[in-house]
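Here's a quick look at one chain, from its overall build down to a single strand. Have the model open alongside as you read.

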Amino acid sequence: MLFNSIDFAIFLPVVFLLYWFVANRSLAWQNALVVLASYVFYGWWNWRFLSLIVFSTLVDFVVGRRLAKEKNPFRRKALLWTSVVVNLGFLGFFKYYNFFLENFVQAFSFFGRDINASSLNIILPVGISFYTFQTLSYTIDVYRNKLQPTQDFVAFAAFVSFFPQLVAGPIERASNLLPQFYRERQFSYTQAVDGLRQILWGLFKKVVIADNCAEFANYIFNNSADLNGSTLVLGAVFFAFQIYGDFSGYSDIAIGTAGLFGFQLKQNFAFPYFSRDIAEFWRRWHISLSTWFRDYLYIPLGGSRGSVGNKVRNTFIIFVVSGFWHGANWTFIFWGLLNAIYFLPLLLINRNRSHLGVVAKGRRLPSGQEVALMLFTFSLTLLAWVFFRAENIGHALSYIGGIFSASLFSIPAYTGVGRSMFIVLLIVLFLGIEWLGREEEYAIAKIGLNWNSTYRYTFYYILILSIILLGGDEQVFIYFQF
Amino acid sequence: MSKFLRKLLLFTLPVIVLAIIKKAVTPYYFGDDLHAQKLAFFQQNQGLYNTVLFGSSRVYRHINPAVFDATLSEYGVGAFNFATPSTMNPESYYLYEKFLEELKPGQIRYAVLEAHVLIKLSQNATTTKGSYWNTLKNLSYSLQYLHASSFSASEKWYSTANYLRSFLYGLVDFGMLNPQRRARHREQQLPHHQAGYLALEDELQQLGAASMRSQRRAKFQNDTSRLATRIGAAKNQEAYEQKRGQYNAIHLDRLQRLLLLSEAKGVELFFLLPPRLKEADYEELVPLLMEFPPERVLSMYEYPENALFYSTVYSFDIGHFNKQGADLFTRKLAELMIERLKNSPNRTRK
C-alpha cells in the first residue's frame with residue numbers, strides 16, 4: 001500500500017480509530033491490531049510474501065529466546081548464524097541471485113569457459129532489505145547481551161512488521177522500538193498533531209518535489225546521449241531532489257504515522273544537502289542504515305582504529321556493502337566506491353568529524369565559506385548520484401563525459417524546459433523552508449507554531465493545495481525497490 | 001482525543017468542501033481529456049455531423065468516419081468518432097448518456113455504441129481516468145451488476161472493493177485541475193483529425209519506436225498464434241446463442257434505458273458487438289444483445305462470416321486492426337448498418 005494512495009487514506013483512519021477506541025482495552029489488543037494492520041498493509045501489495053515476514057519473525061523470536069538460555073559460546077554463535085543465514089539468505093536469493101549468476105557466467109566466458117545457467121524470474125519482495133536488517137539487529141543485540149530477548153511474540157511480530165516503517169524504513173533498532181511495544185500508550189494530542197504535520201511535510205516532499213523532479217530526471221537520463229552538458233547537470237540535480245524528496249518524504253510520513261499511534265521512530269534524514277563535507281552528509285543521509293552498518297559492520301571490523309591499511313579497508317568495505325545493499329547492480333557498487341573515495345581523505349587527515357553540529361546554528365544565513373563547502377559537497381554527491389541513477393556503468397560514464405564537455409556552458413535545452421524551470425523554482429522554495437527548519441527534526445516542525453492561527457493554517461492549506469494542484473504524476477517510492 | 005478529532009475534522013472540512021465544489025463545477029467529462037477535446041471540436045462543427053460513435057479503442061481505431069460516410073452516403077450520414085482508448089462499461093455508457101442529456105432533439109440521427117462487459121478495475125481504480133465517471137449512480141449500477149454477474153465470489157469481492165476505491169478516489173481526486181498534470185496529459189494526446197478517428201499507424205509514427213504501443217505491436221508480430229484463441233472464441237456463436245435468456249438483468253436494463261433515452265432525443269441507437277473479444281465477453285454479450293430487436297444490433301464477430309477481421313494481414317496487434325483493416329471493418333459495418341436501416345420500419349433515405 002502506498003502512503004500517497006486513496007487506499008492508505010482509508011486504511012490509516014480506520015486503523016487509528018480501531019487502535020484508540022476498540023483495541024485500547026489492553027496493550028496486547030493494541031499490539032495484535034498493529035500486527036494485523038501491518039500484515040494487511042503489506043499483503044495489499046502481495047500477500048504471498050507475507051510468509052517471508054512471518055518466517056523471519058518466527059526464526060528470530062525463537063533464536064532470541066534460545067540465546068538467552070544458552071551459555072555455550074559455540075552454540076550461541078550457531079544460533080546467531082542461523083538468524084544471519086535465514087535473513088541474509090532470503091535477501092541474497094530474492095535480491096542478488098540473478099546478479100551473481102549473470103556475473104559468474106560472464107566471468108567464466110571471459111576465461112573461455114561457457115556455462116549454462118538460466119536466471120530465474122524472481123520478484124523482489126518489497127521492503128525485504130529493511131525488515132531483514134531490523135530483525136537481524138535484534139538477534140545481534142541479544143547475542144551481544146545488549147538486549148533482553150522478548151517473551152512476547154505478538155509484541156515482537158509487531159516490532160518486525162510495524163506498518164509505518166515496514167517497507168522503506170527507517171530501520172529501527174530493537175532497543176528503541178521493541179520496548180515501546182511493552183509500554184502502555186496514552187494518546188497524546190501534541191504528538192498526534194506533530195505526527196500529522198510531519199505526514200503533511202512528507203507528502204509535500206514526495207508528491208510536489210520528488211514526483212515533479214522525477215519527470216525531468218527520467219527524461220534527461222533516458223535521453224542523455226542527445227542532450228548538452230548543462231542539461232545533464234540539471235538532470236542530476238533533478239534526480240538529487242527526486243531521491244531526497246522521495247525517501248526523506250517517505251521517512252517523514254512513516255515517523256508521523258507512528259506518532260499517531262504513540263510511537264517514536266528515529267530521525268532518518270537531517271537536512272543532508274546542507275552538509276559541509278561528505279562525512280557530515282553520511283551522518284545526515286539515511287541515518288538508520290548508516291548507523292546500522294556502523295554498529296554491526298564497521299565497528300566489528302575495527303572501525304577507524306588500527307593501521308592506515310585497516311582504516312582504508314574498513315571504509316571501502318562499509319561503503320561498497322552499503323552500495324550493494326541498494327541493489328544488485330554494479331552502478332550501486334560504484335556509487336559506494338565513489339563515496340568511499342570522497343570520505344577517505346577526511347578520515348586519513350582526521351577531519352571526518354569536523355562538522356558535527358547544524359550549519360550556521362543560531363544564524364539566519366550561512367557564511368560565504370559555509371556556502372562554498374555546502375555547494376562543493378552537493379556537487380560531489382551529484383556526481384555520485386549519476387552512478388546511482390544510471391542504467392549501467394557505461395551509461396554513467398557517458399553521462400559524466402557529457403557533463404564535462406564544451407556544452408556544459410551552453411543553455412539547457414530539452415522538451416519542457418520552460419515547465420522544468422517552474423520545478424527549479426519549487427526546489428528553491430523548498431530549500432528555503434528546509435533551511436529555516438534545519439535545527440528541528442523536520443523542516444516544518446516549528447514553522448508557524450508562534451504565528452497567529454490564521455497564518456499558520458493558511459501555511460498548511462498552501463501545502464495541501466500544492467499537493468493537490470502541483471503534484472507530479474504518481475511514482476512508486478524509489479526505495480521500495482531496495 | 002475528542003479535541004484532536006474535532007480539530008482534524010474542522011481542518012479537513014475546507015478540503016472536503018473544495019472537493020465537492022470541484023465535482024459540482026467541473027464538466028462531466030473532466031477526466032478524459034481526449035473526450036473533452038473531441039467534444040469541443042464536435043460542438044464547433046456541429047453542422048457537419050449527424051451520427052456519433054461511442055466506445056473504446058475498438059471503435060476509436062476501427063471506425064474511420066470518412067469511409068463510414070462514403071458507404072452510407074445515400075443516407076446522408078456524417079459521422080463523428082467519440083470513442084477513446086480504454087473507455088468501457090460503465091464509462092462509455094456514462095459518456096453517451098451525458099452526451100444525450102445535453103443534446104437537442106433532432107440534432108443527431110444515428111448513434112453506434114459498443115457493448116462491453118463491466119470493466120474490472122484494478123490499479124486503474126485510483127486514477128483520474130478510472131474514477132471521474134464513477135458517480136453514485138454508476139457506483140450503484142456497477143455494484144448491482146457485479147452482484148447479478150456470473151463472476152466468481154472472489155472476483156465479485158475484488159471488483160466491489162475496486163469500484164468503491166474508484167468512487168472514493170473520484171471524490172477527492174483533483175486530477176485535471178492540476179495544471180501540470182493537465183499539460184502533460186494534453187501533450188500525450190495526439191491531434192484527432194478525420195472526425196475523431198486516428199489509425200494506430202498514424203499514432204505510432206508520432207509516438208516512435210520506443211513507445212509501449214510499438215513494443216506491443218512487435219510482440220504480436222513475433223507471435224501471431226495468440227490470434228487463434230480469439231478465432232476460437234468467435235467460432236462458438238451457436239454455444240453463445242444457446243444461452244439465450246441468461247443475461248445480466250442490470251446490464252440489460254442499462255442498455256434499454258439508453259435506447260429509450262436515445263429515442264426520446266430522436267436518435268436511432270445501434271449496439272456494436274465487435275470482433276476479437278475474448279470468449280467470456282461473448283458469453284455475456286451475445287445472449288444480452290439477443291434481447292434487442294435484430295435491427296438494433298451490429299454484430300461483427302461471427303466466424304467464418306467475418307474471417308477477414310481475424311487475419312494477420314489486417315492486424316496491428318492482438319486486439320486491433322491496422323489502417324487497412326480499420327477501413328475494411330468500417331465498410332462492412334456501414335454495409336451491415338444499411339441492411340439494418342433497410343429492414344427498419346419508417347426508414348427514409350436522404
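Two strands count as paired here if DSSP finds at least two bridges between them. Keep in mind that this is a predicted model. By that rule, S1(B) and strand S2 (residues 79–81) of chain B are paired, running parallel over three bridges.

**Around strand S1(B)**
- Opposite Leu53(B), the bridge partner in S2(B) is Asn81(B).
- S1(B) also pairs with strand S3 (residues 110–114) of chain B, again in the parallel sense, this time over four bridges.
- On that side, Thr51(B) sits opposite Tyr110(B) of S3(B).

**Which faces are covered?**
- In a regular strand, side chains alternate between the two faces of the sheet.
- S1 (residues 51–54) of chain B is covered on both faces.
- Thr51(B) and Leu53(B) are buried on one side, and Val52(B) and Phe54(B) are buried on the other.
- "Buried" means that 20 or more other C-beta atoms lie within 10 Å of a residue's own.

**The chain as a whole**
- Chain B carries 16 helices and five strands.
- Its C-alpha trace spans about 70 × 50 × 45 Å along the principal axes.
- The radius of gyration of chain B is 21 Å, which agrees with the value near 20 Å for a compact globule because the chain has 350 residues.
- Buried residues account for 41% of those 350 residues in chain B.
- Of the contacts in chain B with a separation of 6 or more, 82% come from residues 24 or more positions apart.

Methods: Residues numbered from 1 in each chain as written. Chains lettered and ligands numbered in written order. Predicted model: local features only at pLDDT ≥ 70, side-chain atom pairs only at ≥ 80, totals over all residues. Buried ≥ 20, exposed ≤ 12 C-beta atoms within 10 Å, placed from the backbone. Helix = DSSP H or I, 4+ residues; strand = E, 2+ residues; numbered from the N terminus. Rg over C-alpha atoms; globule rule 2.2 N^0.38 Å. Contact = placed C-beta atoms within 7 Å.
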